[in-house]
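Me: I should like to learn how to read the features of a protein model. Might we proceed one feature at a time?

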Amino acid sequence: MSTHRLAAERPTVTSTHQAVRHVVILLLTPLLMCLGMGMAYLGAFHAPHAHGLKVAVVGTSPRHQVPAQTIEDKAGDALDVTTVPDRAAAQRQIMDRDLVGAYVPSAEHPELLIAKANSDTSATAAQAVFTTVAGKQGAPLRVTDLSRLADGDPTGQGLFFLLVALSIGSYASVAAISAGGAALGTGIRAAIGLGTSLVVSVMGTVLAGPVFHLADHHLLGLWGMSWLYSAGILTIGIALHTFLKRWTTLALMVLFVMLNFTSSGGILQPALQNGFFGALHAFWNGAGFVEGARSLLYFDSAGFAGHILTLVAGLLLLAAAAVAERHAAPAPAATPPASMGQDTADEAAEEEMGEAVAV
């Protein structure tokens, strides 16, 4: 009787072990996400400090060069201080996004020129420095913002949150396409991804324009950038799934959330971050989208072409995935043992659930 009871209990114990194993494996993804998000966001934003913040003093005579050098000496590596010949040159360099701010000395009415649309936090850092300088002269500082932000985006940070919406819609769609279209070829999945990115970009542009008024002009250009950005994430994700399978969602979280949002410049620009995230800003696609959108909307497209180039990285990776799938040698269809079929089904279900964890 006890032998029969033990035999009856074994399948239950085995199935319990399998269920626990599946849960533990699935938990790896959210736990790694928790660790990664904490390290990325706290590492990027917890202690902003200026280094190499580009500002200028207007005037090239010795009486202007001396205070410029004095400011730089006291600030250390926090500021990169130069001089420009006149106010017009300062305005031009600010609107070309080569300077964060320019200080116009005056005994009675010192002035700071900034462009908040370039970065509100960078402009605030420059304002703090030169408020102190003007205060030592006993004169109030007048701050002139050369840019005009949209009515619905008074801080200029709305483009960052548009980036968040586009990114989540795109990488979450990769999980759906990969899980539901595993039997489809790379070309078909890429076509579905392109159509999906079109929908994501239209939704983002409508939210940014008519709904929340983050942008009140150049909506067609913003839509084009949004489509290119979303398509880039989808093509990279679809390509990566060929190689990473169930770990694709985690990889996309690392690429397009942990490293992407933190290096985009939407909250803090490189001059206010540590070297790691500042270096990523130079070529990461989120930075390309945010800085390109700023250039398009507020700075007469200054530097726009360079930012666009960072948004097309997915095409080469997608081509590599297509080649890999084409050269993969499919094994002849054979009838597997019943136990093997069950294991394969369990693994497939586990992979699909794993891909859906972060959606």
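The dialogue below takes up the sheet, the helices and the nonpolar cores in turn.

Reply: Please note at the outset that this is a predicted model.

Me: How should a sheet be read, and in what order do the strands lie in the open sheet of 5 strands?

Reply: Strands of a sheet pair through backbone hydrogen bonds, either parallel or antiparallel. Here the order is S2-S1-S3-S4-S5, and the pairing is mixed. Strand S2 (79-84) and strand S5 (142-145) form the edges, each pairing on one side only. From one strand to the next, the twist averages 25 degrees.

Me: How many bridges join S1 to S2?

Reply: S1 and S2 run parallel and are joined by 6 bridges. Leu 53, for instance, has Leu 79 in S2 as its bridge partner. S1 is also mostly covered, with 5 of its 6 residues buried. Towards the other edge, strand S4 (residues 111-114) pairs with S5 in the parallel sense over 4 bridges, and Leu 113 has Thr 144 in S5 as its bridge partner.

Me: Which strands does helix H4 touch?

Reply: Helix H4 (residues 120-136) packs on the sheet and touches S1, S2, strand S3 (101-104), S4 and S5. The direction of H4 makes about 40 degrees with that of S1. Helix H2 (residues 62-75) lies across strand S1 (53-58) and S2, and runs at about 175 degrees to S2.

Me: How is the packing of two helices described, and at what angle do H7 and H11 pack?

Reply: Two packed helices are described by the angle between their axes and the distance between the axes. For helix H7 (residues 219-244) and helix H11 (residues 285-298), the angle is about 175 degrees and the axes are 10 Å apart. H7 is therefore roughly antiparallel to H11. Residues in this contact include Leu 222 and Tyr 229 of H7, and Phe 289 and Leu 296 of H11. The contact residues divide into 7 nonpolar, 6 polar and no charged.

Me: What is to be looked for in a nonpolar core, and which residues touch the most other members of the largest one?

Reply: In soluble globular proteins, nonpolar side chains tend to be buried together. The largest nonpolar core has 52 residues, and those touching the most other members are Val 84, Ala 102, Leu 162, Leu 163, Leu 222, Phe 289 and Tyr 298. Helix H5 (residues 158-180) supplies the largest share of this core, 9 residues. Leaving aside residues up to four places away in sequence, Leu 162 touches Gly 204, Ala 208, Leu 222 and Phe 289. A second, separate core has 18 residues, among them Ala 68, Val 133, Ala 134 and Leu 141.

How values were computed
Residues numbered from 1 in each chain as written. Predicted model: local features only at pLDDT ≥ 70, side-chain atom pairs only at ≥ 80, totals over all residues. Heavy atoms only, no water. Axes fitted to C-alpha atoms, helices over the stretch in contact; angles between N-to-C directions. Parallel < 35°, antiparallel > 145°, perpendicular 65-115°, else oblique. Contact = heavy atoms within 4.5 Å. Nonpolar A, V, L, I, M, F, W, Y, C, P; charged D, E, K, R; others polar. Pairing = 2+ DSSP bridges. Core = buried A, V, L, I, M, F, W, Y, C linked by side-chain atoms within 4.5 Å. Buried < 20%, exposed > 50% of the residue type's maximum accessible area, 1.4 Å probe, protein only.
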